[in-house]
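Thanks for coming, everyone. I'll walk through one model today, contact by contact. Here it is.

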Amino acid sequence: MKKILINFAHPAKGRSNINSQLRAAVENLDGVTINDLYANYPDFLIDVAREQTLCESHDVIIFQHPFYWYSTPAIVKEWLDLVLEHGWAYGKTGTALKGKWFFQAITAGGDATTYHAQGANQFTLGELTSPMRATAHLCLMDWLPPFAVMGVHRGLPLAQVTNHAEDYRRVVMAIRDDLFNKDKAQQNEFLNSHLDETILRP
Ligand SMILES: Cc1cc2nc3c(=O)[nH]c(=O)nc-3n(C[C@H](O)[C@H](O)[C@H](O)COP(=O)(O)O)c2cc1C
């Protein structure tokens, strides 16, 4: 069984619609730790030793956040800058994260059709999240494509939000229980597409 760390980053959790529902779908699962970065560090004074210990004691690291300015909320950048130290996360002796699985769970206002070369957002989500992918690669982690909930600006119908939350729970449980086909998932644009192929039957 894999231990899963969810670094949750939403600066206004009380006003969140989608992220709060995704989080609620996974937070009571065995083997899952929610690390609420804005709640723990309202002043951005990140406890590096605590964060490194948390990473070391989990097999999978998820960053769950809304898409802000084609990137993450600010505290995720601060976390990366401080926690991923040379000699720990990368460099000759930096192997603390080696082999751990990594992915982002992202909610975005724009819908998927706007995220391509001719669309309003010009680039794909894969292109825009490539710095995180490169970071995971440098830290010797196994990168997976983002779990993405897109088009939330229009206000997703409740049934769709519920479906996404259920998919998130299924993915997290399958990864935890070693019932997830990582190699197949890595070929997809999104972690939450083709779940019938990537989630294995027990
Ligand atoms: C500061 C800010 C920046 C945002 N930037 C983007 C963006 O670059 N692309 C996008 O699709 N949506 C963007 N959005 C919309 C958010 O992604 C969207 O409101 C969020 O995913 C909704 O999730 P929530 O209900 O959990 O807050 C932005 C929203 C805010 C407040």
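Start with Lys2 and Asp178. Their side chains make a polar contact at 2.6 Å. This is a predicted model, so keep that in mind throughout. Lys2 sits in the segment before strand 1. Asp178 sits in the loop between helix 7, residues 158-176, and helix 8, residues 182-185.

Buried or exposed, what is Lys2? Buried: its relative accessible area is 16%, and the cut-off for buried is under 20%. Asp178 is partly exposed, with 44%. Look at the backbone of Asp178 too. Its phi is near 55°, a positive value in a residue other than glycine.

There is a second case of that kind to show you. Phi of Gln122 is near 70°, again positive and again in a residue other than glycine. Gln122 is in the loop between strand 4, residues 101-107, and helix 5, residues 125-128. With a relative accessibility of 49%, Gln122 counts as partly exposed.

Now the salt bridges. How many does the structure hold? Twelve. I'll take three of them.

First on my list is Lys13 with Asp36. The closest N and O atoms of that pair are 2.8 Å apart. Lys13 is in the loop between strand 1 and helix 1, while Asp36 is in strand 2, residues 32-36, so the bridge ties together parts 23 residues apart in sequence. Lys13 is partly exposed, at 37% relative accessible area. Asp36, at 7%, counts as buried.

Next, Arg23 with Asp36. These side chains also meet in a salt bridge, 2.8 Å from N to O. Arg23 belongs to helix 1 and Asp36 to strand 2, so this pair links parts that are 13 residues apart in sequence. Both Arg23 and Asp36 are buried.

Then Arg50 with Glu51. Their side chains form a salt bridge too, at 2.7 Å, N to O. Arg50 is partly exposed, with 35% relative accessibility. Glu51 is buried, with a relative accessible area of 0%.

Back to Asp36 for a moment. Which residues do shared partners join into one salt-bridge network? Lys13, Arg23, Glu27 and Asp36.

On to the nonpolar interior. The largest nonpolar core has 30 residues. Which of them have the most contacts inside it? Ile62, Tyr168, Ile175 and Phe180.

Where does this core draw its residues from? Six elements each supply at least two: strand 1 (4-8), helix 1 (18-26), strand 3, strand 4, strand 6 (147-149) and helix 7. Helix 7 gives the most, with seven residues. That is the helix just before the Asp178 loop we started with.

Now the ligand. There are 17 residues around it. Which come nearest? His10, Ser16, Asn17, Thr107 and Tyr115.

Three polar pairings deserve a look. Take Thr107. An N or O atom in its side chain is 2.6 Å from an oxygen atom of the ligand. Then Asn19. A polar side-chain atom of Asn19 lies 2.9 Å from an oxygen atom of the ligand. And Trp69. Here a polar backbone atom is 2.9 Å from a nitrogen atom of the ligand.

How much of the ligand does the protein cover? On its own, the ligand has 630 Å² of accessible area, and the protein covers 74% of that.

Stay with Trp69, and turn to the surface. Tyr68, Trp69 and Tyr70 form a nonpolar patch there. Together they have about 400 Å² of accessible area. So Trp69 turns up twice: its backbone is paired with the ligand, and the residue is part of this surface patch.

What about Tyr70? It is found in the loop between strand 3, residues 60-66, and helix 4, residues 74-83. Its relative accessibility is 34%, so Tyr70 counts as partly exposed.

Let me recap. Lys2 is a buried lysine in polar contact with Asp178. Asp36 bridges to Lys13 and to Arg23. Helix 7 leads the contributions to the 30-residue core. The ligand has polar partners in Thr107, Asn19 and Trp69. I'll stop there and take questions.

Definitions and conventions:
Residues are numbered from 1 along each chain as its sequence is written. This is a predicted model: local features need pLDDT of at least 70, side-chain atom pairs count only at pLDDT 80 or more; totals for chains, interfaces and linings use all residues. Side-chain values use heavy atoms; hydrogens and water are left out. Patches are made of residues with over 30% relative accessible area and no salt bridge: like charges are joined within 9 Å, nonpolar side chains (Val, Leu, Ile, Met, Phe, Trp, Tyr) within 5 Å. Accessible areas come from the Shrake-Rupley method with a 1.4 Å probe; for residues, only the protein chains shown count as cover. A salt bridge is a side-chain nitrogen of Lys or Arg within 4 Å of a carboxyl oxygen of Asp or Glu. Helices (H or I, at least four residues) and strands (E, at least two) are DSSP runs, numbered from the N terminus. Buried means under 20% relative accessible area, exposed over 50%, partly exposed in between (1.4 Å probe, protein chains only). A residue is near a molecule or strand if one of its heavy atoms lies within 4 Å of it. A polar contact is a pair of N or O atoms within 3.5 Å; within protein, one must be able to donate a hydrogen and the other to accept it, and residues adjacent in sequence count only if both atoms are side-chain atoms. A nonpolar core is a set of buried Ala, Val, Leu, Ile, Met, Phe, Trp, Tyr and Cys residues joined through side-chain atoms within 4.5 Å.
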